[in-house]
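This briefing sets out the strand pairing, the nonpolar core, the salt bridges and selected residue environments of one protein chain. It is arranged by topic for reading alongside the model.

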Amino acid sequence: MDAMTWKIRYLTRRLGPAGLIGIALLAVTLGVLFVGILPLRDEIDSLRMELAARPLEPLPVVPVLPPDQILAQELAVFQARFPTVNELSGELDTLFILTRDKGLELNKGEYALVEKAGGALRRFEVTLPVTGTYSQIHGLILDVLEKLPSTALADIALERGKVADGQAAVILRFVFFVRKRT
């Protein structure tokens, strides 16, 4: 055996498995450093020079409103979604068309405009006695709430005669919310 082989065997016995693993990890780390990290330094330096050469542009100034003004704007946008009293006839026409399309028999209804002191909305209450099947009435309620977003279902009163009778007499009370100001 030559002297070099003898020294390597002596060192491996002296270091043991933990020492050999440490040396292997050190070799892998140096490999990653020389192969992966150091070549990227040139690219990093070129990107830094490119960034330094760019003129700095000031960021756009965004006006910041006080919270009470932000809330007032959001409230105005929310209230603008509701129809005005002048647009109420179109909403009622839509309600009657939906009722007719569902094949419901519409009896004489009651209407009332309720205005409370304070607030920006009025309530227009419509009480509709209708006669039809449960599925027709259910479909009408879903269609009204979908197509008239400013409308709420306030009350339902069901009256059914005989079990064999497929028709039910129902009183629906819808509330149309409308803006006070036009």
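The structure is a predicted model. Val144 is a convenient point of entry: leaving aside residues up to four places away in sequence, Val144 touches Leu95, Leu98, Thr151 and Phe174. Val144 also belongs to the largest nonpolar core, which has 20 residues. The notes below begin with that core and then turn to the strands, the salt bridges and the surface.

**Nonpolar core**

- Within the largest nonpolar core, the residues that touch the most other members are Leu95, Val126, Ile137, Val144, Leu172, Phe174 and Phe176.
- Two or more residues of this core come from each of helix H3 (88-101), strand E3 (121-132), helix H4 (134-147) and strand E5 (168-179).
- E5 supplies the largest share of the core, namely six residues.

**Strand pairing**

- E3 pairs with E5 in the antiparallel sense, over twelve bridges.
- Within this pairing, Gly132 has Ala168 in E5 as its bridge partner, and Val130 is matched with Val170 in E5.
- Strand E4 (residues 151-159) runs antiparallel to E5, and eight bridges join the two.
- The bridge partner of Thr151 is Phe176 in E5. Thr151 is also one of the contacts of Val144, and Phe176 is among the core residues that touch the most other members.
- E1 and E3 run antiparallel and are joined by two bridges; here Glu105 has Thr131 in E3 as its bridge partner.
- E2 and E3 are paired in the antiparallel sense over five bridges, and Val114 stands opposite Arg123 in E3.
- Six residues lie between E2 and E3 in the hairpin that these strands form, and Gly118 in the turn has a positive phi of about 80 degrees.
- E3 is mostly covered, with nine of its twelve residues buried.

**Salt bridges**

- How many salt bridges does a search of the whole structure find? The search finds six.
- One salt bridge joins Lys102 to Asp143, with the closest N and O atoms 3.2 Å apart. Lys102 lies in the loop between H3 and strand E1 (105-106) and Asp143 in helix H4, so this pair ties together parts that are 41 residues apart in sequence.
- Lys102 counts as partly exposed, at 28% relative accessibility, whereas Asp143 is buried, with a relative accessible area of 18%.
- Glu115 and Lys180 meet through their side chains in a salt bridge with an N to O distance of 3.8 Å. Because Glu115 lies in the loop between strand E2 (110-114) and E3 while Lys180 lies in the segment after E5, the pair ties together parts that are 65 residues apart in sequence.
- Glu115 is partly exposed at 47% relative accessibility, and Lys180 is partly exposed at 21%.
- A network of salt bridges links Glu115, Arg122 and Lys180.
- Arg123 and Glu125 form a further salt bridge, in which the closest N and O atoms are 3.0 Å apart. Arg123 is partly exposed, with a relative accessible area of 26%, while Glu125 is buried, at 17%.

**Arginines of E5**

- Arg173 is located in strand E5 and is partly exposed, with a relative accessible area of 25%.
- Beyond residues up to four places away in sequence, Arg173 touches Arg123, Glu125, Val126, Thr127, Ala152, Leu153, Ala154 and Asp155. These contacts include Arg123 and Glu125, the two partners of the salt bridge described above.
- The C-alpha atoms of Arg173 and Gly118 are separated by 24 Å, with the two residues 55 residues apart along the chain.
- Arg179 is likewise found in strand E5. With residues up to four places away in sequence not counted, Arg179 touches Gln79, Ala80, Phe82, Pro83, Thr84, Val85, Glu87, Ala120 and Leu121.
- Between the C-alpha atoms of Arg179 and Ile137 the separation is 28 Å, the residues being 42 residues apart along the chain.

**Nonpolar surface patch**

- A nonpolar patch on the surface is formed by Leu26, Val28, Leu30, Val32, Leu33, Phe34, Val35, Ile37 and Leu38, which together have about 830 Å² of accessible area.
- Leu38, one of the patch residues, is found in helix H1 (residues 3-53) and counts as partly exposed at 35% relative accessibility.

Notes: Residues numbered from 1 in each chain as written. Predicted model: local features only at pLDDT ≥ 70, side-chain atom pairs only at ≥ 80, totals over all residues. Heavy atoms only, no water. Core = buried A, V, L, I, M, F, W, Y, C linked by side-chain atoms within 4.5 Å. Buried < 20%, exposed > 50% of the residue type's maximum accessible area, 1.4 Å probe, protein only. Helix = DSSP H or I, 4+ residues; strand = E, 2+ residues; numbered from the N terminus. Contact = heavy atoms within 4.5 Å. Pairing = 2+ DSSP bridges. Salt bridge = Lys/Arg side-chain N within 4 Å of Asp/Glu carboxyl O. Patch = residues over 30% accessible without salt bridge, like charges linked within 9 Å, V, L, I, M, F, W, Y side chains within 5 Å. Areas by Shrake-Rupley, 256 points an atom, 1.4 Å probe, with all protein chains shown as cover.
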